[in-house]
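Visitor: I should like to learn how to read the faces of a helix. Please take me through an example.

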Amino acid sequence: MTVTAQDISNSASTKKRFLITGSNGLLGQKLIELLIKDSSIETIATARGENRLPFHDGYTYHAMDITDAAQVEAVIALTKPEVIIHTAAMTNVDQCEAEKDACWKQNVNAVEYLVSSCKRHDVFLVHVSTDFIFDGTAGPYKEDAEPNPISFYGWSKYAAEKAVTHSDIKWAIARTVLVYGIAHDMSRSNIILWVKKSLEEGKNIKVVTDQFRTPTLAEDLATGCFLIADQRAEGIFNISGKELYTPYEMAIIAADYFKLDKSFISQTDSSGFSQPARRPPRTGFDLTKSESVLGYKPHSFVDGIALLASQIG
């Protein structure tokens with residue numbers, strides 16, 4: 001069989017083009033790693049500034065500041081993606097409370113720019129959101145629960161959801177909870193790494209018992225976003241872990257996994273911490289819809305810890 005240049009061109013053109021925002025971040029990294037394994041997808045990575053991924057094969061990279069409308073439009077017009085998975089955001093809850101203008105630019109204005117470009121170029125948008133759009137009085141939540149944010153971060157993410165849902169583009173929202181994972185440059189800690197390091201150093205730690213979450217492995221969130229994008233599944237989907245734990249319970253499970261001394265862990269409640277932003281006490285998600293519609297199956301928390309342990313050696 002003779003393969004011509006036209007055949008190769010036709011083959012390339014049948015690939016699905018996925019563009020990821022925030023590819024330098026934890027979720028962005030996991031998504032790029034996942035997508036480049038699929039030969040039917042052409043992967044476009046974007047982030048502010050230089051590409052910080054430690055691997056460079058299997059995707060193209062474009063610098064794109066999501067708070068710059070002209071840059072967003074230029075990159076999308078150039079790369080012509082069929083799907084955008086929008087992971088970039090300002091997620092430090094207390095920083096958002098202190099730097100409201102910066103938070104709004106990154107979490108709301110940027111989404112408005114993306115929506116405009118998606119409309120212009122007929123792109124399916126998968127927007128990543130958070131359990132912090134809820135007040136935490138009635139978790140675990142289903143997709144149709146009524147949002148009521150209690151922090152500026154929560155309000156910014158809810159406003160971003162509104163920008164998506166009130167648009168006339170094709171869209172999906174992937175809401176998640178307390179994401180944990182290992183970034184390539186170890187730039188981001190999480191409760192498991194913090195507990196492990198503290199106990200190995202013989203430090204006493206206090207962990208709250210009055211907050212409830214369904215912690216989400218970053219690889220699971222990446223898989224959930226991919227399932228939505230690949231199926232062009234429209235609407236809102238809960239993408240998190242399945243088990244509801246307090247941070248104290250998570251710390252105990254992590255200590256048990258690494259066979260560390262739990263006597264260094266003591267219980268406290270959130271009144272013992274002075275934080276600028278309020279946290280919803282009880283969130284977590286009901287995954288019935290994601291499991292049945294998407295075929296989403298998250299790791300257990302213990303299996304998630306095991307995966308992290310394998311990555312840190």
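Guide: The discussion below concerns helix 3 and then L308. This is a predicted model, in which local features need pLDDT of at least 70, side-chain atom pairs count only at pLDDT 80 or more, and totals for chains, interfaces and linings use all residues. Residues are numbered from 1 along each chain as its sequence is written, and side-chain values use heavy atoms, with hydrogens and water left out.

Visitor: Which residues of helix 3 are buried, and why are they on the same side?

Guide: An α-helix has 3.6 residues a turn, so residues three or four places apart point the same way. In helix 3 (residues 69–79; helices are DSSP runs of H or I, at least four residues, and strands are runs of E, at least two, numbered from the N terminus), the buried residues are V72, E73, V75, I76 and T79. They lie on the same side because they cover an arc of only 170° around the axis, taken from the directions from the helix axis to the C-beta atoms. A70 and L78, on the other side, are exposed. Buried means under 20% relative accessible area, exposed over 50%, and partly exposed in between (1.4 Å probe, protein chains only).

Visitor: What covers the buried residues of helix 3?

Guide: The cover includes strands 1 (16–21), 2 (41–47), 3 (59–63) and 4 (83–86), together with helix 5 (100–121).

Visitor: What is found at the start of helix 3, and what follows helix 3?

Guide: At the start, a side-chain oxygen of D68 comes to within 3.1 Å of the backbone nitrogen of A70. K80, with a positive phi near 50°, follows the helix.

Visitor: Where is L308, and why does L308 count as buried?

Guide: L308 belongs to helix 11 (residues 301–312), and counts as buried because its relative accessibility is 1%. Leaving aside residues up to four places away in sequence, L308 touches Y180, G181, I182, N190, I192 and L217, where contact means heavy atoms within 4.5 Å.

How values were computed: A polar contact is a pair of N or O atoms within 3.5 Å; within protein, one must be able to donate a hydrogen and the other to accept it, and residues adjacent in sequence count only if both atoms are side-chain atoms.
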